[in-house]
Amino acid sequence: MAADIIYGKKLAVKITAQLKDEFTRLKEKFHLTSKLVAVQVGQDAGSNVYLEAQSKLAHELGIEFEKKIFPDDISFNDLKVNIEKLNNDSDVDGIILMQPVPGDFDFEELILKIMPLKDVEGLHPQNLGKIVLATSDVVPPTAAAVMAMLDECVKEYKGREVVMIGHSPIVGKPLVLLLADKLATVRFCHIGTSIADKLQAHVREADILIVATGVSHLVKGDWIKIGAVVIDVGISKSGDKIVGDVEFEKACQRASCISPVPGGVGPVTTVMLMKNLLSVFKKRRDIKI
Ligand code: NAD
């Protein structure tokens with residue numbers, strides 16, 4: 001069996017076109033342009049790449065995008081004051097706090113400072129909590145990207161065996177809840193599962209496998225159940241190559257659908273951030289259409 005490849009770029013183009021239509025319609029009807037502000041402290045090569053991608057996509061969608069770059073030596077308090085200013089600025093619809101922040105800054109405390117209605121990364125406990133209640137407006141973009149990719153090839157979730165590997169708050173934890181709400185049977189694996197030497201046994205049962213660990217080729221190709229859908233979120237370096245958490249070539253021989261790394265979840269993630277922006281933009285202005 002040769003798996004269908006779920007190309008992130010192709011899906012990103014499709015969702016971008018839908019978002020562009022909606023942003024354009026809102027601009028025409030209400031004469032409103034949405035604005036996204038990314039807050040960064042100092043310079044970081046990784047976050048500069050992500051910022052560039054956000055800026056390019058915002059431009060394509062007709063969204064105003066502002067980078068607020070603060071010096072390395074900004075105090076924790078001044079940073080909080082600046083976030084507060086963005087909360088109070090009625091022109092600002094969404095706020096992103098880029099990581100990393102200086103080592104002695106409490107990232108969680110800064111996230112708590114962002115008004116939940118402007119938290120486009122869905123990291124505020126109020127937004128994460130709504131996922132538990134199945135009432136969320138914004139889902140962390142990587143988890144939302146995985147759901148969008150799954151929707152491309154999963155017709156029915158009810159009763160399917162899902163194995164989620166990785167339990168971070170931005171990927172694994174929200175996905176487990178979102179998939180349980182679709183009535184899938186979800187097994188939640190992580191480092192503890194590997195320590196107990198039970199990872200392979202769980203993976204072998206998975207109709208749907210999602211892996212987000214950053215451990216290159218953690219999941220061997222011959223563990224994959226025949227016909228499984230596999231989404232690989234992990235990104236790591238092997239020599240000068242970027243690789244995922246799954247042995248891609250071998251997994252392709254057994255899976256029915258699989259996402260590649262690179263070119264899989266990554267491109268869809270930035271688009272889902274903009275989808276969150278659209279959602280908070282409408283919610284804050286009580287626009288129902
Ligand atoms: P994380 O780095 O916070 O945590 C890693 C997770 O992997 C933990 O749950 C840990 O228990 C688990 N883990 C580690 N080693 C393991 C092992 N040997 N066996 C089983 N589980 C193990 O997680 P994260 O922030 O979700 O990032 C995970 C990966 O996804 C990273 O490679 C990251 O770069 C990538 N990522 C990609 C995107 C994207 O848009 N493509 C977005 C976010 C994260």
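Reading the calls in a predicted model

Biologist: This model is predicted. Why is D207 called buried or exposed?

Modeller: D207 has 15% relative accessibility. Buried means under 20%. So D207 counts as buried. D207 lies in the loop between α9 (199-203) and β7 (208-211).

Biologist: What makes the link between D207 and K225 a polar contact?

Modeller: The side chains of D207 and K225 come to 2.8 Å. The cut-off for a pair of N or O atoms is within 3.5 Å, so this pair qualifies. The D207 side chain also reaches the backbone nitrogen of E161, at 2.8 Å.

Biologist: Why is V132 called buried or exposed?

Modeller: V132 has 55% relative accessibility. Exposed means over 50%. Therefore V132 counts as exposed. V132 sits in helix α5 (residues 125-132). With L133 and L177, V132 forms a nonpolar patch on the surface, about 280 Å² of accessible area together.

Biologist: What makes E152 and K14 a salt bridge?

Modeller: Their side chains meet at 3.0 Å, N to O. A salt bridge needs a nitrogen of Lys or Arg within 4 Å of a carboxyl oxygen of Asp or Glu, so the pair passes. E152 is in helix α6 (residues 141-153) and K14 in helix α1 (residues 8-30), so the bridge ties together parts that are 138 residues apart in sequence.

Biologist: How do you know whether E22 and K282 are buried, partly exposed or exposed?

Modeller: E22 has a relative accessible area of 22%. Partly exposed lies between 20% and 50%, so E22 fits that class. K282 has 14%, under the 20% limit, so K282 is buried. The two side chains meet in a salt bridge of 3.2 Å, N to O. The pair links distant parts of the chain, E22 in helix α1 and K282 in helix α11, 260 residues apart.

Biologist: Why are K288 and D286 placed in their accessibility class?

Modeller: K288 has 71% relative accessibility, and D286 has 55%. Exposed starts over 50%, so both count as exposed. K288 forms a salt bridge with D286, the closest N and O atoms being 2.5 Å apart.

Biologist: What makes H167 and S168 polar partners of the ligand?

Modeller: A ligand oxygen is 2.5 Å from a side-chain N or O atom of H167. For S168 the distance is 2.6 Å. Polar contacts must fall within 3.5 Å, so both meet the cut-off. Taken alone the ligand exposes 860 Å², and the protein buries 73% of that.

Terms used
Residues numbered from 1 in each chain as written. Predicted model: local features only at pLDDT ≥ 70, side-chain atom pairs only at ≥ 80, totals over all residues. Heavy atoms only, no water. Polar contact = N/O pair within 3.5 Å; in protein donor to acceptor, adjacent residues only side chain to side chain. Areas by Shrake-Rupley, 256 points an atom, 1.4 Å probe, with all protein chains shown as cover. Patch = residues over 30% accessible without salt bridge, like charges linked within 9 Å, V, L, I, M, F, W, Y side chains within 5 Å. Helix = DSSP H or I, 4+ residues; strand = E, 2+ residues; numbered from the N terminus. Buried < 20%, exposed > 50% of the residue type's maximum accessible area, 1.4 Å probe, protein only.
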